[in-house]
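Student: I would like to learn how to read strands, helices and cysteines from a model. Can we work through one?

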Amino acid sequence: NTANRTPTRGPGELDAAYLMESVIEHIAHAAKLPPHVVREINMYKDEPEDKRTTIDGTVLTHYVVPELWNSLKTKAGYSERLSAVDHFNTTHRFVKRGLSITPVVYHVHIWPRQALVNIYGDGSVIVTHDGAEIGQGLNTKAAQAAAYHLGTVFGVTEGIPLTHIRIGDSRSLIHPNSLFTGGSTTSEGAVEAIRLCCVELVERLKPVLADLRKPDRTEEEVTWPKLCHAAKFKSINLSAQAKASGSGPMGSFVSYSNYGACVSEVEVDVITGDTTILASRILYDCGLSLNPAIDIGQCEGAFLMGVGRVLREREMLDEQGAMLTDGTWEYKPPMGKDVPVDFEVELYHNTTFTKGVMGSKSCGEPPFVLASSVAMAVRMAAMAARVDAGLLDFPAMALPMTPQVIVEAAGTRTEQFV
């Protein structure tokens, strides 16, 4: 009798990652090894590409996890931080710190997308696509793509001014039979469909531009509005529609893996279970980002959603299936104090990736999984408290790690205060 559930971002991915990271940490505990060492042992390194596969046989192409991992460890000062955390824990009984570094490998598909680009005689351009702008920056990337690709008619890379571009509403009247918005690749698919439209329009505009640049014509600079005006009066078709099939060789969907890593340090009050994320640093492979500012923001937002999953958002149902956590008094989404005190996101500059749209990679969901670093750091803090309490076994901690879960895992008992 429970209500229907609707996935929002990376459904099930973070939980699966947490499960496997917990297995790795349990192995590390049993083997008396630092968890990051066990993770490194289990990474692919110099194997041939066809030998780097997931459990279902997916080949990990353009694999950069070792490079990302080592670069992040250096930039975050992981070894120094780990020594400082260990020292802190030996000198504090009821406030403990934890530090963890975890990776992500996240496979995505580029689904088919449609676009329509209309150019008007005054130089204005209306772009529509079949994706839904839901705050992920899709329309901004779409406008930039149109400006860039239309600008190639002049043989330059700057593109036409963005002020000429406007994004129209997505409607099934314009783009029938469109797919869902999701899977982290809607922006890429829409940009590719827009590119196809622009390529067609540029080919139609080239003869008009050549005519305007003839020696016997005025030496006045040919601007974008002037070119569009001339094309209009030559009855050139200034409308193009395209569908990016999302297909690669032999009709298969274009797919690839995203890579990233995150270092997180937390401080935990083992009496109350209160947790502060002191620092999180993400290094994420976005290929050649379509818009670095948007993609960094997406990494930040996805990570914070993951923090909500691992620390705060607990659902409780009664015996009849009614939701008990139906308000913020009982259900705690991540808030301002859950943002890491020191929060850095860096995009790994990967110029070798060729499968994506304009060399780009997705970033909507993969960084969500990197919140596992926070969960692992909290467990490390709890284990430090357990050692002081004389408990040496490995604690099982369910998600979310609410204050109650943390206090129980830390082995805090009232007799410890006597």
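Tutor: We will go through sheets, a crossover, a helix and the cysteines in turn; note that this is a predicted model.

Student: Start with the sheet that contains strand 1. In what order do its strands lie?

Tutor: Sheet order is read from which strands pair, not from the sequence. Here 4 strands form an open sheet in the order 1-6-7-8, with mixed pairing. Strand 1 (95-109) and strand 8 (342-348) are the edges, each pairing on one side only. Neighbouring strands of this sheet are turned by 15° against each other on average, direction ignored.

Student: How many bridges join strand 1 and strand 6, and in which sense do they pair?

Tutor: There are 15 bridges between strand 1 and strand 6 (residues 255-269), in the antiparallel sense. To fix the register, look at individual partners: Val105 stands opposite Tyr259, and Val104 has Gly260 as its bridge partner.

Student: What lies on the other side, between strand 6 and strand 7?

Tutor: Strand 6 and strand 7 (residues 275-285) are also joined in the antiparallel sense, over 9 bridges. One register point is Glu265, whose bridge partner in strand 7 is Ala279. The two strands make a hairpin with 5 residues between them, where Gly273 takes a positive phi near 85°. As for burial, 13 of the 15 residues of strand 6 are buried.

Student: Now strand 3. Are its faces covered or open?

Tutor: To judge this, take the residues of each face separately. In strand 3 (residues 125-129), 5 of 5 residues are buried. Val125, Val127 and His129 cover one side, and Ile126 and Thr128 the other.

Student: Which strands does strand 3 pair with?

Tutor: Strand 2 (residues 113-119) is joined to strand 3 by 5 bridges and runs antiparallel to it, whereas strand 4 (residues 165-167) pairs with strand 3 in the parallel sense over 3 bridges. Val125 takes part in both pairings: Ile119 is its bridge partner in strand 2, and Ile165 stands opposite it in strand 4. Strands 2 and 3 form a hairpin with 5 residues between them, and Gly123 in the turn has a positive phi of about 95°.

Student: What kind of unit connects strand 3 to strand 4?

Tutor: Follow the chain from strand to helix to strand and note the handedness. Strand 3, helix 5 (residues 138-151) and strand 4 make a right-handed β-α-β unit.

Student: How does the span of helix 8 compare with what its 21 residues should give?

Tutor: The check uses a rise of 1.5 Å a residue. For helix 8 (residues 292-312) the expected span is 30 Å, and the end C-alpha atoms are 29 Å apart, so the two agree. At the start of this helix, a side-chain oxygen of Asn291 comes to within 3.2 Å of the backbone nitrogen of Ala293.

Student: How many disulfides are there?

Tutor: The test is a sulfur-sulfur distance within 2.5 Å, and the count comes to 0 disulfides. The sulfur of Cys299 is 5.1 Å from its closest cysteine sulfur, in Cys363, which is too far for a bond. For Cys363 the closest cysteine sulfur is in Cys286, at 4.5 Å, again too far.

Student: Are Cys299 and Cys363 buried or exposed?

Tutor: Cys299 is buried, with a relative accessible area of 0%, and Cys363 is buried at 4%. By contrast, Thr328, in the loop between helix 8 and strand 8, counts as exposed because its relative accessibility is 58%.

How values were computed:
Residues are numbered from 1 along each chain as its sequence is written. This is a predicted model: local features need pLDDT of at least 70, side-chain atom pairs count only at pLDDT 80 or more; totals for chains, interfaces and linings use all residues. Side-chain values use heavy atoms; hydrogens and water are left out. The expected span of a helix is 1.5 Å times one less than its number of residues. A polar contact is a pair of N or O atoms within 3.5 Å; within protein, one must be able to donate a hydrogen and the other to accept it, and residues adjacent in sequence count only if both atoms are side-chain atoms. Buried means under 20% relative accessible area, exposed over 50%, partly exposed in between (1.4 Å probe, protein chains only). Two strands pair if DSSP finds at least two bridges between them. A crossover is right-handed if, with the strands pointing away from the viewer, the path from the first strand over the helix to the second runs clockwise. Axes are lines fitted to C-alpha atoms, for helices over the stretch in contact, and angles run from 0 to 180 degrees between N-to-C directions.
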